[in-house]
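Open the model in your viewer and keep the sequence panel visible. The stops below say what to select and what is found there.

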Amino acid sequence: MSLTQSLLRSPAVAALTSPHGVDRYLEIMNPMWAVHDVRARVIGIHPETDEVTTLTLRPTSTWHGFRAGQFVQVGVEVDGARRTRCFSISSSEVGDPDTLTITVRAHDDGLVSAYLAHRARLGLVLHLSHAEGTFTLPETLPQRLLMISGGSGITPVMSMVRTLVDREYAGRITFLHYSRFPGSTIFGRELEELAGRENIDLAVVHTRAGGERFTAARLEQVAPDFADIDTFVCGPAGLVENVQRVFGDNDRLRVEYFKTSTITADPDNAHGSVRFARSGRAAENTGGTLLEQAEALGLRPEYGCRMGICFSCTSRKTEGTVRNVITGAESGLPDEDIQICVSQPMGDCAVDL
Ligand code: FES
């Protein structure tokens, strides 16, 4: 670490620049200067499909690198406010340590994803978290690997496969991918090239217009010995849950939900009322998540991933019991901090919002 960096990280500089911190002042001088925060400049833009774009990012020197399969939180100013969402890294962990790629699908209801997929320009500077997540390849690679992905869930899986190819992995990879129709297949051309490799068995299945969904029969066709293979699955909750059902209780299966479909209103819990104390808003409990119910009442709580990962939405629950829709855990402690994006109230509930 240089003398300047040591100085900028010192308690004396922290005290002098309080409460904003030294990085706020460095950012004003040059958005790529930082001693604690991570930021990244967009240095490449590559459309994958009509809805999906890959951005190549060059992070600040504060970046610690990543492992294939991990994700980052990306913050960007949209319409005057900073918004944060999680995106999987799609590049290989082997190669240029000073760049990474994220591959972003523009969701209809996604301000950040639509901005990054359609409006990002070269030179744009994004706020970045360090890489997070445990959906990663084992340290010691087994001789067989099975990858199953659906839609945008291919991004972390592709990061793993690219890494394996770069590492000249000599084992066998079976790769089963589901996309809606041929033109919507992300990395379609690269998948064709991968299919030509001796040690990769690739099957791309299309689901649109009466196409095929994941079935045990298809799995047995592509990998009859699947129960004995280290398997990674990432995609919409429906796909992941179907795979889990077929595998049963098998610790060779590693899953990553790309999009949680389970966060829907639960009619069983739709009783009582929900009160947002600070804003004085209240309504009948719809059974949706507290974030959804707050938004329906016109509140704009901070959020990032909306999947229970980033903790941006953490708020204080002052009364009532909530159920975590990811883990199923229920908690009725008073005055506890909860992630409102994945918490459904079970009856009367009050939150400090
Ligand atoms: S928005 Fe990320 S945990 Fe709730």
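**Starting at the N-terminal side**

Select A12 in this predicted model: A12 is part of helix α2, which covers residues 11-17. A12 counts as exposed because it has 8 C-beta neighbours inside 10 Å, and the cut-off for exposed is 12 or fewer. Add L202 to the selection and draw a C-alpha to C-alpha distance: the two residues are 190 positions apart in sequence and 57 Å apart in space.

**The whole chain**

Zoom out to the full protein. Its secondary structure amounts to nine helices and 17 strands. Along the principal axes, the C-alpha atoms fill a box of roughly 60 × 60 × 35 Å. The radius of gyration is 22 Å, which agrees with the value near 20 Å for a compact globule of 353 residues. Of the 353 residues, 38% are buried. Among contacts with a separation of 6 or more, 62% join residues 24 or more positions apart.

Colour by domain next. The division gives domain 1 at 37-128, domain 2 at 144-259 and domain 3 at 267-351. Between domain 2 and domain 3, the C-alpha centres are 34 Å apart.

**The six-stranded sheet**

Show strands β1 to β6. In what order do the six strands of the open sheet lie? The order is β4-β3-β6-β1-β2-β5, and the pairing is antiparallel. β4 (81-88) and β5 (100-105) are the edge strands; each has a single partner strand, so one side of each has no neighbour in the sheet. On average, neighbouring strands of this sheet are turned by 40° against each other, direction ignored.

Now select β1 (residues 38-47) with β2 (residues 52-59): seven bridges join them in the antiparallel sense. Within this pair, A40 stands opposite P59 of β2. On to β2 and β5, which pair over six bridges, again antiparallel. Here L57 stands opposite L100 in β5.

Stay on β5. Are its residues mostly covered or uncovered? Six of its six residues are buried. L100, I102 and V104 point one way from the strand, while T101, T103 and R105 point the other way. In a regular strand, side chains alternate between the two faces of the sheet.

Then add helix α4 (residues 111-119), which lies across β2, β3 (71-78), β4 and β5. The helix runs at about 85° to β3.

**Two loops with positive phi**

Most residues other than glycine have a negative phi. Go to E168, a non-glycine residue with a positive phi of about 55°, in the loop between α5 (154-166) and β8 (172-179). E168 is exposed because 8 other C-beta atoms lie within 10 Å.

Move to F187, in the loop between β8 and α6 (188-195). Its phi is also positive, near 60°. Is F187 buried or exposed? F187 counts as buried because it has 23 C-beta neighbours inside 10 Å, and the cut-off for buried is 20 or more.

**Helix α8**

The last selection is α8, residues 237-247. Its buried residues are L239, V240, N242 and V243. They lie on the same side of α8, because they cover an arc of only 165° around the axis. Step past the end of the helix to G248, which comes just after α8 and takes a positive phi of about 65°.

Definitions and conventions:
Residues numbered from 1 in each chain as written. Predicted model: local features only at pLDDT ≥ 70, side-chain atom pairs only at ≥ 80, totals over all residues. Helix = DSSP H or I, 4+ residues; strand = E, 2+ residues; numbered from the N terminus. Rg over C-alpha atoms; globule rule 2.2 N^0.38 Å. Contact = placed C-beta atoms within 7 Å. Pairing = 2+ DSSP bridges. Axes fitted to C-alpha atoms, helices over the stretch in contact; angles between N-to-C directions. Arc of directions from axis to C-beta. Domains from an automatic or database assignment.
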